[in-house]
Amino acid sequence: MTNAAVEEVCSNDDNNSSSRERYTEFMEDSCCARNCLGPKPSIARFIYAIVFLVTCLLAWTIRDYGRNALSELERLKGCHGARYCLGAEGVLRISFGCFLFFFVMFLSTVGTKKLEDSRNFWHSEWWPAKIIIWIGFMVVPFFMPSAFIQFYGKFAHFGAGAFLMIQLISVISFITWLNDRCSDRNARRCRYQVMVLSVAAYVASILGIILMYIWYVPSLSCRLNILFITLTLVLLQLMTLASMHSKVKAGFLAPGLMGMYIVYLCWSAIKSEPQTEICNKKAAVATSADWLIIVSFVIGVLAIVIATFSTGIDSKCLQFRKTEADLEDDVPYGYGFFHFVFAMGAMYFAMLFVGWNAHNTMQKWTIDVGWVSTWVRIVNEWLAILVYIWMLVAPPVWKSRRQADSV
């Protein structure tokens, strides 16, 4: 081989190697590489939310359209031909499978602190294996006896209650955090914007109460609705007075946002009343418009997923003391807490689909309807007010006690 040929081969090798290097650098800097390659906890949480959404839709499909298929399974003969029981059991079985999946993920990721931990890779990668596990957990509960599923349905009440409590603390923590940031000295330049937002939130709360009187109190015979709405108005004023106390001085923003939250809880409670009630005129309008039922159902399912997702990534809401600043190699959110909330959320969506009662007959395209659902929402509203007022009053009380002890 001549020297010219050798030089040409060597130059081709150099060009190929440089091309490979440029290609590698391009792939490493590309958007696809940044978002798809390697463990990405920020992307993983959205994938888990999609899995949770698919599970919710599967449970709804089983409840509304899978009764004929379920009636053929020998394992479900405990229902004795009761069609509502078949639909409710189908929801509970899907819920149990979803609970098992996220509880296994909780056990396998709890305590993960650093990105270099192997459990971080398990949380953020291995999706084919986890999808296979999820499918297995969706199938296995349908081979379990009805007695066990009914027991799980009773146990799910406690899990759903725990989910509501964690969600409640998360919402209140966010509101108090936002109020503290807006009350900071560095935020004085935004005091006018904060004032406008506070007044708007308070006015929106009052407007919501007025609309509930118009929609859900067509006559004075609707005493329960009058009680719920009036008590919400009174508690709103109580929260405002507690926030404006001289020893608290929390301002108007926090009670305004909390007012919107408790008005929403009161509205959702009254909306959950059975549609046969004459006081629930909005429900009667919904039953006459199929598209409105479907839209309400879709919004309800999305609200479940969003509430579970937002609560799951807020692992610091249960930390009642300041912690050290996060380091670069720390995980962005608590994996164990994230999966635990989703496990409790699996029980929560089951209770919504069956109206918190496995023997309740649920109509198609309905969610969270029944007297049990109504009282769960109302109790949740009252707990929200108690927790919020306690978070306002507790620091001054502890401070005064420390001063008294020091004297």
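**Exercise 1. Confidence**

In this predicted model, confidence is lowest in helix H2 (residues 31-36), at a mean of 42, and highest in helix H7 (residues 127-139), at 93. State the mean pLDDT of the protein, and find where pLDDT stays under 50.

*Solution.* Start with the whole chain. The mean pLDDT of the protein is 76. Of its residues, 71% reach 70 or more. Next, take the weak stretches. Over residues 26-38 the pLDDT stays under 50. The model gives this stretch nine contacts beyond four places in sequence. Residues 285-289 also have pLDDT below 50. Beyond near neighbours in sequence, residues 285-289 have four contacts in the model.

**Exercise 2. H10 against H11**

Describe how helix H10 (residues 223-243) packs on helix H11 (residues 253-271). Give the geometry, then the make-up of the contact.

*Solution.* Two numbers come first: packed helices are described by the angle between their axes and the distance between the axes. Here the angle is about 165°, and the axes are 10 Å apart. An angle over 145° counts as roughly antiparallel, so H10 is roughly antiparallel to H11. The crossing of H10 past H11 is right-handed.

Now list the residues. H10 supplies Asn225, Phe228, Ile229, Thr232, Leu236, Met239, Thr240 and Ser243. H11 answers with Pro255, Met258, Gly259, Ile262, Val263, Cys266 and Ile270. Sorting the residues of this H10 and H11 contact gives ten nonpolar, five polar and no charged.

**Exercise 3. H8 against H11**

Repeat the analysis for helix H8 (residues 146-182) and H11.

*Solution.* The helices pack at about 150°, with axes 9 Å apart. H8 and H11 are therefore roughly antiparallel to each other. H8 passes H11 in a right-handed crossing.

On the H8 side, the contact uses Leu168, Val171, Ile172, Ile175, Leu178, Asn179 and Cys182. On the H11 side stand Leu253, Ala254, Leu257, Met258 and Tyr261. The tally for H8 with H11 is eleven nonpolar, one polar and no charged. Met258 of H11 appears in the contact with H8 and in the contact with H10.

**Exercise 4. H9 against H10**

Work out the relative direction of helix H9 (residues 191-216) and H10, and sort their contact residues.

*Solution.* The axes come within 10 Å and cross at roughly 170°. That makes H9 roughly antiparallel to H10. H9 contributes Tyr202, Ser205, Ile206, Ile209, Met212, Tyr213 and Tyr216. H10 contributes Asn225, Ile226, Ile229, Thr230, Thr232, Leu233, Leu236, Gln237 and Thr240. The residues of the H9 and H10 contact divide into ten nonpolar, six polar and no charged.

Look at H10 again. Asn225, Ile229, Thr232, Leu236 and Thr240 touch H9. These residues also meet H11.

**Exercise 5. An aromatic pair**

How many aromatic pairs does the structure hold? Classify the pair Phe103 and Phe106, and place it in the fold.

*Solution.* The count is 21 aromatic pairs. For Phe103 and Phe106, the ring centres lie 5.6 Å apart, with 35° between the planes. The pair is tilted. Both residues lie in helix H5 (residues 83-109). Phe103 and Phe106 are three residues apart, about one turn of the helix.

Note on methods
Residues numbered from 1 in each chain as written. Predicted model: local features only at pLDDT ≥ 70, side-chain atom pairs only at ≥ 80, totals over all residues. Heavy atoms only, no water. Axes fitted to C-alpha atoms, helices over the stretch in contact; angles between N-to-C directions. Helix = DSSP H or I, 4+ residues; strand = E, 2+ residues; numbered from the N terminus. Parallel < 35°, antiparallel > 145°, perpendicular 65-115°, else oblique. Left-handed = near helix turned anticlockwise from the far one by under 90°. Contact = heavy atoms within 4.5 Å. Nonpolar A, V, L, I, M, F, W, Y, C, P; charged D, E, K, R; others polar. pLDDT = per-residue confidence, 0-100. Phe/Tyr/Trp six-rings, centres within 6.5 Å; stacked < 30°, edge-to-face > 60°.
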